[in-house]
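Student: I would like a close look at a single part of this protein. Please keep it brisk.

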Amino acid sequence: MNYVTIQHEDDVAVLTIDRQEKLNALDRQVVEEIGQALLELESEGPRAIIVTGAGERAFIAGADIRAMSMMEPLEAKRFSEIGHAAMALLDRSPIPTIAAVNGYALGGGCEVALACDIRIAAENATFGFPEVGLGILPGMGGTQRLPRLIGPALAKELIFTGRRISAGEAREIGLVNRVVGEGEALNAARELTAEISANGPLAVRHSKAAANRSLDVDLISGLEYEADQFALLFATEDAREGMNAFGEKRKPEFEGR
Ligand code: CO8
């Protein structure tokens, strides 16, 4: 892979998009490499995945505009679909995913962050959907995930205006979970993954699946799914260990079984 690196830090993987001379802009190769890296990580099974951009200027400054300017409609559709498939590997991955946003997160960059479970932004991060200003639209899940996350009215305002917003504003509208100092997003994400990793890995995975289900189905069906996932965990050694450790007043040691 030329533009994506994976660094393993204990049981956490850091996926870095590294095309700094173009502010980490996404052309087809970069998107395919993200997908390939996520597929590899899914089989390796780290406890969490952090997604970030190389350098301090940009998380990802969007899809590569020059490459898109030469696309015919069918190529554009394929590009969008490849993007959707890569984002589904983040969104639907059983592993928790955290975006450490360290600069511009525009268009497709914002869409990568949206496909993660949790977003942490450095105070110099800038968010926005400039697509309509280019005569196109957010085609990597933005029109679908943004309204689900921040509600349709604010999502439409951001998409229709293309206005850029600061990390602080993004926090206010629930686009990011928290804002940290410049240069601190990756460390803050690491701290969060340490908190997550202390818990039962199967419990975290099934919680993610259940929370994701809430976005797709009605409440009754979602609750049925939750009850099934709850029951499934009672067949694991981790659940025995977690509940026994409470009784024995000690820290649990989870094996992910
Ligand atoms: N595409 C291609 N090249 C880019 C992009 C981009 N999105 N962003 C930056 N670059 C390049 C610049 O062209 C420049 O290259 P060069 O030195 O060869 O001219 C280099 O990166 C550095 O950028 P700037 O000189 O422009 O840096 P500035 O600090 O002056 O400006 C900005 C930074 C504000 C981020 C500016 O670069 C900018 O506005 N970039 C474009 C942002 C944008 O509009 N993003 C949305 C793109 S559309 C999109 O994302 C659609 C997604 C849906 C489809 C996805 C399907 C998979």
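Which residues form a nonpolar patch on the surface, and how much accessible area do they have together?

Tutor: A word on the model comes before the patch. This is a predicted model, where local features need pLDDT of at least 70, side-chain atom pairs count only at pLDDT 80 or more, and totals for chains, interfaces and linings use all residues. Residues are numbered from 1 along each chain as its sequence is written, and side-chain values use heavy atoms, with hydrogens and water left out.

Now the patch. Ile65, Leu134 and Ile136 form it, with about 250 Å² of accessible area together. Such areas come from the Shrake-Rupley method with a 1.4 Å probe, and for residues only the protein chains shown count as cover. A patch takes residues with over 30% relative accessible area and no salt bridge (a side-chain nitrogen of Lys or Arg within 4 Å of a carboxyl oxygen of Asp or Glu). Nonpolar side chains (Val, Leu, Ile, Met, Phe, Trp, Tyr) are joined within 5 Å, like charges within 9 Å.

Take Leu134. Leu134 sits in the loop between strand E8 (126-128) and helix H5 (142-150). Helices (H or I, at least four residues) and strands (E, at least two) are DSSP runs, numbered from the N terminus. Leu134 counts as partly exposed because its relative accessibility is 46%. Buried means under 20%, exposed over 50%, partly exposed in between (1.4 Å probe, protein chains only).

Ile65 also meets the ligand. A backbone N or O atom of Ile65 is 2.9 Å from a nitrogen atom of the ligand. The protein covers 72% of the 1,100 Å² of accessible area that the ligand has on its own. A backbone N or O atom of Ala61 lies 3.0 Å from a ligand nitrogen atom. For Lys22, a side-chain N or O atom is 2.5 Å from a ligand oxygen atom.

Notes:
Polar contact = N/O pair within 3.5 Å; in protein donor to acceptor, adjacent residues only side chain to side chain.
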